[in-house]
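User: I am new to this structure. Please walk me through it, and tell me how each label is earned.

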Amino acid sequence: MLFNSIEFLIFLPLVFLSYWFVFKNNTKIQNIFIIFASYLFYGWWDWRFLLLIFLSTVVDFYVGQKIYQHLDEKKKARYWLWLSMAFNIGMLGFFKYSNFFVDSFIDMFHAFGYDFKSTWTLKIILPVGISFYTFQTMSYSFDIYYKKLTPTKNFIAFTAFVSFFPQLVAGPIERASNLLSQITNKRTFSYDQASSGLKLILWGFFKKLVIADALAPIVDDIFANYQSYPASTLILGVCLFSFQVYGDFSGYSDIAIGTAKLFGVELMSNFKFPNFSRNVAEYWQRWHISLSTWFRHYLYIPMGGSRVSQLRAVRNIAVIFLVSGFWHGANWTFIFWGGLHALFYIPVFLMGRNRMYADNVVGEKTLFPTPIEILQVLLTFVLVTFSRIFFRSPSLTDSFQYINQIVTNFNYESYVHPMGYRMLDFYILLALFIIYEYLIRRHEREPFKFKFKIVRFFLYTAVILAMLLFYDDGVNRSFIYFQF
């Protein structure tokens, strides 16, 4: 079920009212109802894959108990941890990467002159959200193994933790120490929390419908026909894709966080205005925070992190980004994209500037950014946007041909919208969006935090009107990160 669908607009109020008015006095019944609602939410897409979520839930619930029982026997505890990893990564590998490995194996033989057709390629449907919920359940087992968490004996609460519908299919990827503890404890309705949630939902829908979906036809047209466009259009296309994927994914996260608030649950922030990052290290502290945090805690630090020799630390960084790229999709383009980010990040790390902007924002003490900050933000945006040529292209060949077309056809032509709309409207929209996000850059969870009610009322009205104005029923409304 999509957030931006009629079904969800019916589903959410019914679940909300039942949760607070029918089952409000019993936390256990509330959790059972959340499980039912979450399985309905996911099963609306394809009920057959509910079994995978349930199996992942059962395995890690049982494994967590076993790891805890053998914490004094590291060998046995490690055995159970490896069982969790083998099951979840194996399930993820089969559904997401089977054909990638088969095709890569065949391509390797083609490179040596052997030509044969694959008889092993399977017609596998990628279950929505599998990359997210498998990582979430594994984090539970990891935290118990590293003695950061005591396993729960409440199977119902654990099932609700794994399947919690607001963040089930595209995150944020939650840790049990945050989400499970909230689901286990009694929740009380808070008007302020619910109001805050509705505002986040509204802002998330704006970013999805007005920014991402409005730019999608332009981006699709340019990337599909890049060989016939000049450099100016190709640069425009990848720049707009940067805003499209940001609006799409951060919009989803805002809706997820806002929806969770309606049920008395606080999810972690997943985006903190990454387009205003002053280097690539800061960018990754602000973009898809739950995934980068997951890799830092469960891969980078166990490998030694930065507490090892400089050479090994650089290796650890490279591994993290390559694995992150592979997590995004079964395509060499994503691995190359991850490798590029490693190349962008490593110099920042070697200069000791990777934590330089961890606790402040651009224009920290002034209304406007300094000239140096503007140059830093623009350079970071250029690097990140360049890498997205590989993220968006269907193959490495297309990626390099896209870049080659920019270099060899370095001309300017005015771009015409594929549906005939006036492009100036989209440029004005993006400019206003960037300015507004800069103004609220300290408040990622409070997008309408202004003192005067008249200002807030004007903003609510403008956002709703913009959604009505830019809504296009002919655009594919699915979220980009559903494919991961």
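Analyst: This is a predicted model. Start with helix 15, where S399, Y402, I403, Q405 and I406 are buried.

User: What puts those residues on the same side of helix 15?

Analyst: Their arc around the axis. The buried residues cover only 155 degrees, so they sit on the same side of helix 15. The face turned away from that side carries V407 and T408, which are exposed.

User: What do the buried residues of helix 15 pack against?

Analyst: Four helices: helix 8, helix 9 (231-262), helix 13 (332-350) and helix 14.

User: How do you know the length of helix 15 agrees with what is expected?

Analyst: Helix 15 has 13 residues. At 1.5 Å a residue, 18 Å is expected, and the first and last C-alpha atoms are 18 Å apart.

User: Why is helix 14 called oblique to helix 15?

Analyst: Helix 14 (residues 371-392) and helix 15 (residues 396-408) pack at about 135 degrees, with axes 7 Å apart. Roughly perpendicular covers 65 to 115 degrees, and roughly antiparallel needs over 145. The angle of about 135 degrees fits neither, so helix 14 is oblique to helix 15.

User: Which residues make that contact?

Analyst: Helix 14 gives F386, I389 and F390. Helix 15 gives L396, S399, F400, Y402, I403 and I406. By class, the contact has 8 nonpolar residues, 1 polar and no charged ones.

User: How do you know that helix 17 has the span expected for its residues?

Analyst: Helix 17 (residues 453-470) has 18 residues, which should span 26 Å at 1.5 Å a residue. Its end C-alpha atoms are 26 Å apart, so the two values agree.

User: Which residues of helix 17 are buried, and what puts them on the same side?

Analyst: R456, L459, V463, A466, M467 and F470 are buried. They cover an arc of only 100 degrees around the axis, so they lie on the same side of helix 17. The other side has exposed residues: K453, I454, F457, F458, L465, L468 and L469. The buried residues pack against helix 8 (191-224) and helix 16 (423-439).

User: Why is K147 called exposed?

Analyst: Exposed means over 50% relative accessible area. K147 has 57% relative accessibility, so it counts as exposed. K147 is in the loop between helix 5 (130-145) and helix 6. Its phi is near 60 degrees, a positive value in a residue other than glycine.

User: And H288, buried or exposed?

Analyst: Buried. The cut-off is under 20%, and H288 has a relative accessible area of 0%, so it meets that cut-off. H288 is in the loop between helix 10 (280-286) and helix 11 (289-300). Phi of H288 is near 40 degrees, again positive in a residue other than glycine.

User: Why is Q182 called buried?

Analyst: Q182 has a relative accessible area of 17%, which is under 20%, so it counts as buried. Q182 is in helix 7. Leaving out residues up to four places away in sequence, Q182 touches R187, G264, V265 and E266.

User: Where is P172, and which kind of peptide bond leads into it from G171?

Analyst: P172 is in the loop between helix 6 (155-163) and helix 7 (176-184). The bond from G171 to P172 is cis, with omega near 5 degrees.

Notes: Residues numbered from 1 in each chain as written. Predicted model: local features only at pLDDT ≥ 70, side-chain atom pairs only at ≥ 80, totals over all residues. Heavy atoms only, no water. Helix = DSSP H or I, 4+ residues; strand = E, 2+ residues; numbered from the N terminus. Expected span 1.5 Å × (residues − 1). Buried < 20%, exposed > 50% of the residue type's maximum accessible area, 1.4 Å probe, protein only. Arc of directions from axis to C-beta. Contact = heavy atoms within 4.5 Å. Axes fitted to C-alpha atoms, helices over the stretch in contact; angles between N-to-C directions. Parallel < 35°, antiparallel > 145°, perpendicular 65-115°, else oblique. Nonpolar A, V, L, I, M, F, W, Y, C, P; charged D, E, K, R; others polar.
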